[in-house]
Amino acid sequence: MVNTAEPSTASADSSPVPLPGAAARSAQADAAPEAASPEASVRTKARIALIGTGGRSEMYIRAIYGKHADTAELVAFSDVNPGRVEYYQTLIQELGAPGPVASFEPADLTAFIQANNIDRVVVTTPDYTHADYIVEALEAGADVVVEKPLTIDAEGCRRITKTVADTGRNVVVTFNYRYSPRNSALKEIIQSGVIGKVTSIDFSWVLDTVHGADYFRRWHREKKNSGGLLIHKASHHFDLVNWWIDDVPERVFASGGLKFYGDQNAAERGLGPRPERGTPDAAASARAEKDPFALDLRDDERLKALFLDNEHYDGYRRDQDVFTGGITIEDNLALVVEYQGGPRLSYSLNAHSPWEGYRVAVNGTEGRAELEVVERSAVVSSTDKKTVVDPSATPIEEDDAIRRNGERLVVQRHWEAAYEVPIVNGEGGHGGGDALLLSDLFNGPGEDPLGRPSGYLDGLRSVSVGIAGNRSLESSLPVRIEDLDLGADLRRGA
């Protein structure tokens, strides 16, 4: 039985389709109006099953019981941990459900889909389980929405691509970063041609000692579970580049290692003995309060209820010390990626920065566009905003005279002065981008000149860079993506 402890299309290169039973059924009626009865054109709710009740599942549950209640119905949800199932049962009642929602064992996914006419399965389980659940759901007759990444290795890609081809069903990987207004603004600039043909991209992403450290506390710390940060985290970043420049990655060279976290690095810096977890017993409380890297689950009501109170069911510890042994992922990474159309990407990721955000510069034949984003300007004490793990999903207010939270998009053409492009944010996570993503998922995408809705091949293209990067880390050689044999031709127009 797989562990669903926590997160986080058809064979053509298509965008997400409307939920079956909603817009899709209306479209079928429109296709044959002479045969459609008034009842046939009535929008009905799509029947949804969700598997995995970690942190990422809440966004979907709130959407189904909130803004998208008219197009979707949560028929049931599932997890190997009954305590987390009970946690979400309570939340669902608070959101106004008339009664408890059904639950089922993960091992019974196929039977449940077929017995309950499930239209779509939402997968928010740990990364290494994605391929299993996607393949099973497709074969059982349901479409799939899966949190990034699509899967963690080439074998998983091959299994998924074969099943998509065999069943003709739909898989959507959710890329909410595309919908963030600042990233959409950069896409619009590139697409307009104002900087000419893209020649190269410099992309640097820094995770701070709250958010970055968190990947080394959780199941992500083992590459067999997450594929490492090149896949779990950076698949978002690679998708952005693929989408920004409308191109396909071809060859990857990677370098990196575990340079800050882990027991060996701690020993080299003389940190001394440390507790195995951040939530202390009574004897260790005084020390833990002074430790800037310790996450005490008791400090956050939601984390305590989801994980600390339920770890006796499965033994999963959400608060492991970041300087213990057993960490097999990298915290410093650098890549060069060559694209089919000629551009080169220079990418770096650091997971122990004192501030969080990213800088991207896109060079073109007519000029340059630069986007700088500061999501958290500083972490200045051991308890400073500790429970706001991801500042892009949960914006925070700060007052730093030197580095201020915010974003700036600057464009400069050759022989001209630079100018700033205004960015207009909406409400909610990722500058309002999450709400736009959910609308496309539950209502079907409308006309979008920026092409933000992602198709099945977009998920493959994003994860292909990380898979090739991991191969390159092992061999110290560049890796061609076509040599990975992912089961599909990723080239545009192929």
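**Close-up views of the predicted model**

**View 1. The loop holding Pro-149.** Pro-149 sits in the loop between strand 5 (143-147) and helix 6; helices (H or I, at least four residues) and strands (E, at least two) are DSSP runs, numbered from the N terminus. The peptide bond from Lys-148 to Pro-149 is cis, with omega about -5°. This is a predicted model, in which local features need pLDDT of at least 70, side-chain atom pairs count only at pLDDT 80 or more, and totals for chains, interfaces and linings use all residues. Residues are numbered from 1 along each chain as its sequence is written, and side-chain values use heavy atoms, with hydrogens and water left out.

**View 2. Helix 6 and its surroundings.** Helix 6 covers residues 154-167, and its end C-alpha atoms are 20 Å apart, in agreement with the 20 Å expected for 14 residues at 1.5 Å a residue (the expected span is 1.5 Å times one less than the number of residues). Its buried residues (under 20% relative accessible area, 1.4 Å probe, protein chains only) include Cys-157, Ile-160 and Val-164. Among the elements covering the buried residues of helix 6 are helix 5 (130-140) and helix 17 (456-475). Just after helix 6, Gly-168 has a positive phi of about 70°.

**View 3. Two aspartates with positive phi.** Asp-246, in the loop between helix 11 (234-245) and strand 8 (249-257), has a phi of about 50°. Asp-485 lies in the segment after strand 15 (479-480), and its phi is near 55°. Asp-485 counts as partly exposed (from 20% to 50%) because its relative accessibility is 49%.

Note on methods: Contact means heavy atoms within 4.5 Å.
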